[in-house]
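Please consider the structure below with care. The discussion that follows takes the form of questions and reasoned answers.

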Amino acid sequence: MFVPCGSSAPPDFEDFTLLLPAVSVGNIGQLAVDLVIFTLDMPKVGYFYTDCLVPMVGNNPYATAEENSTELSINAEVYSLPSKKLVVLQIRSPFVKNKYRSFCQTLLSWVKSSRCSKVILLSSSHAYQRDDQQLHGTPLRCLLSPAIQKSAGDLMQRLNWKEMEKVTAYPGVNDADMVLRIPGGGITTLLFNESCSNGIQMAVLLKFCSEGDNIPDALALLNYLNEWLQLIKSEQNSDAPATPSQWKIPHSWRLLFGSGLPPALF
Amino acid sequence: MATFFGEVVAAPSRAGMDDDEEEAAAVEREETPEDREIRRELEKKREVHILWSSKLSASTGSFTDEQFPCSKFILAIGHNAVAFLSSFVLNSGCWEAVGSVKLWNEWCRTSNTTSVLPTDAFCLFYKLISDPTVFLCQCNCYVAEDQQFQWLEKVFGCMREEDLQVTILSTCPVTDYKTPESTLTLPSPFLKALKTKEFKETVSCPLLEQPNIVQGLPSAVLSYCQVWQIPAVLYQCYTDVIKLDTVTIEAFKPVLSSKNLKSLVKDMSKSTEILKKLVTTNEIHNNIYT
């Protein structure tokens with residue numbers, strides 16, 4: 001459930017766009033959301049307090065100075081920027097076993113009650129599980145729920161975005177049955193299917209990737225999102241999509257691959 | 001599971017790996033009544049129960065709303081933190097055991113009694129006799145991820161917050177600590193703190209630096225306090241010894257000077273002696289010749 005920070009009245013998210021990550025392979029969605037929050041300097045407005053996520057705490061990951069470095073952060077927090085009509089939910093931990101379904105329900109009922117106009121899910125899928133048609137061209141894909149098709153469908157065509165291909169349910173047996181499969185995508189498929197059947201405007205943006213240094217993947221996914229939302233503009237040409245250098249990397253991304261090595265090793 | 005042709009086919013496990021869960025989520029698999037029954041039974045078995053002794057209701061008078069006033073809650077999680085409270089706090093005041101947590105999971109099970117051996121897995125609550133609003137909890141058992149939320153709801157659900165201040169003590173391996181240098185060069189054990197927004201007192205040690213995080217029950221308690229605006233502080237001791245260890249236990253000593261614990265510690269002369277006794281008891285139990 002959404003709990004606002006401090007004693008302030010709950011913020012109004014009517015007609016806002018909700019951006020959130022799927023906890024998926026390479027954590028690309030989560031990394032991209034970190035970049036959005038830090039680059040746009042979005043203030044925290046509340047928590048998404050739930051029993052579905054593994055608890056974790058740490059100090060402010062977006063600290064810029066000594067003063068704001070000691071604010072406690074938890075596993076799911078909500079950031080908002082009314083000037084861009086954008087609300088972001090950052091998820092920092094995986095799901096508790098068998099709780100993903102109840103998380104989807106809680107999330108979608110919050111989306112409905114907060115009257116957000118649309119939801120954008122940033123996700124990823126195992127690169128090694130692509131089929132022949134998915135190997136061609138760009139590794140970026142999108143998926144639109146029927147409800148958002150009307151408002152955003154044309155734009156997707158103009159941007160020349162590729163829709164996530166369906167794959168055969170039973171390869172070699174029956175090629176007619178096509179299903180949507182996003183291996184490594186966590187709750188992506190479930191959340192998308194639920195949104196489709198509940199008439200929620202949802203777009204899924206995803207990238208095929210492998211585990212490793214996923215910062216370039218996150219930047220690629222974010223630039224893909226920026227083509228649509230125009231969160232930041234390129235400096236040279238206001239119409240051109242932003243270049244990766246314009247996204248600011250938070251300091252908490254340091255030591256992503258562990259502590260320093262013992263000097264005696266060398 | 002076997003087919004008519006005799007070969008063994010691996011059935012998707014209900015315990016589930018991530019991939020299985022994804023598969024289950026993607027393919028809207030119908031849950032059979034048997035599946036549902038098994039899941040319900042497992043959930044029931046994993047429920048967390050808090051048993052308060054009759055002493056508590058007697059001292060707080062009316063216990064009708066099943067909530068008691070609480071001004072200080074001190075929580076020790078893990079063997080070393082539990083031993084620290086046993087030797088430095090519990091011995092110096094007059095405390096009485098007022099409750100216990102009964103839980104079952106893959107790592108441990110606790111009983112519903114308040115009389116336990118130091119080597120048992122337990123989660124016990126104590127109350128200060130001279131001030132019945134001061135509570136202390138010693139938890140050396142493993143509380144699983146799916147049980148932490150229940151634990152919180154049930155423990156804090158029983159408390160009527162009266163300027164409540166929460167102090168959490170916990171330990172974790174020094175290898176979990178992230179620093180640009182090597183963790184081998186760090187003088188362990190050392191203490192780091194995290195506090196909620198409402199906590200305004202001075203903290204007895206440096207705060208935990210980014211990008212370090214804390215997980216498990218200590219983080220669940222601190223998250224709860226942050227969300228519901230309860231002043232709370234977590235003292236995390238980073239140590240290179242996983243078992244009960246005097247040096248690690250003594251690393252918590254700076255916390256004794258904090259405002260919340262200062263008034264509870266009166267006589268420290270016997271502490272070291274009790275500590276030694278505790279550690280040796282454990283060593284004997286860990287010995288293969290017992």
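The turns below set computed values against the definitions behind the terms, for a model that is predicted.

Q: Why is B:Thr110 called buried?
A: A residue counts as buried when its relative accessible area is under 20%. B:Thr110 has a relative accessible area of 8%, and therefore it is called buried. B:Thr110 lies in the loop between β3 (95-102) and β4 (123-128) of chain B.

Q: Which residues does B:Thr110 touch, leaving aside residues up to four places away in sequence?
A: They are B:Val101, B:Lys102, B:Leu103, B:Ala121, B:Phe122 and B:Cys141.

Q: What makes the approach of the B:Thr110 side chain to the backbone oxygen of B:Val101 a polar contact?
A: The cut-off for a pair of N or O atoms is 3.5 Å, and one atom must be able to donate a hydrogen while the other accepts it. The side chain of B:Thr110 reaches the backbone oxygen of B:Val101 at 2.8 Å, so the distance satisfies the cut-off.

Q: How do you know that B:Cys70 is in no disulfide?
A: A disulfide is a covalent bond between the sulfur atoms of two cysteines. Two such sulfur atoms must lie within 2.5 Å to be counted. The closest cysteine sulfur to that of B:Cys70 belongs to B:Cys225 and is 11 Å away, which is too far for a bond. B:Cys205 is likewise in no disulfide, for the nearest cysteine sulfur, that of B:Cys237, is 9.5 Å away. Over all chains, the count comes to 0 disulfides.

Q: Why are B:Cys70 and B:Cys205 called buried?
A: The limit is a relative accessible area under 20%. B:Cys70 has 0% and is therefore buried. B:Cys205 has 12%, so B:Cys205 is buried too.

Q: What makes helix α4 of chain B mostly covered?
A: Of the 12 residues in this helix (residues 79-90), 10 are buried. Among them are B:Val82, B:Phe84, B:Leu85, B:Phe88 and B:Leu90, together with B:Asn80 and B:Ser87. In chain B as a whole, buried residues make up 47% of the 290 residues. Chain B holds 9 helices and 9 strands.

Q: Which residues have the most contacts inside the largest nonpolar core?
A: This core has 53 residues, and those with the most contacts inside it are B:Phe73, B:Trp151, B:Phe156, B:Val166 and B:Val221. Its largest share, 7 residues, comes from helix α6 (residues 217-227) of chain B. B:Phe156 touches B:Phe73, B:Val166 and B:Val221, and its contacts also include B:Leu164, B:Tyr224 and B:Cys225. In soluble globular proteins, nonpolar side chains tend to be buried together.

Q: Why is A:Gln90 called buried?
A: With a relative accessible area of 2%, set against a limit of under 20%, A:Gln90 is therefore called buried. A:Gln90 is placed in strand β7 (residues 86-91) of chain A. The residues that A:Gln90 touches include A:Pro21, A:Val33, A:Ile37, A:Tyr62 and A:Tyr79.

Q: How do you know that the side chain of A:Gln90 makes a polar contact with the side chain of A:Asp34?
A: The distance is 3.0 Å, and the cut-off for such a pair is 3.5 Å. The contact therefore meets the distance requirement. The side chain of A:Gln90 also reaches the backbone oxygen of A:Gln30, at 2.9 Å.

Terms used: Residues numbered from 1 in each chain as written. Chains lettered and ligands numbered in written order. Predicted model: local features only at pLDDT ≥ 70, side-chain atom pairs only at ≥ 80, totals over all residues. Heavy atoms only, no water. Helix = DSSP H or I, 4+ residues; strand = E, 2+ residues; numbered from the N terminus. Buried < 20%, exposed > 50% of the residue type's maximum accessible area, 1.4 Å probe, protein only. Contact = heavy atoms within 4.5 Å. Core = buried A, V, L, I, M, F, W, Y, C linked by side-chain atoms within 4.5 Å.
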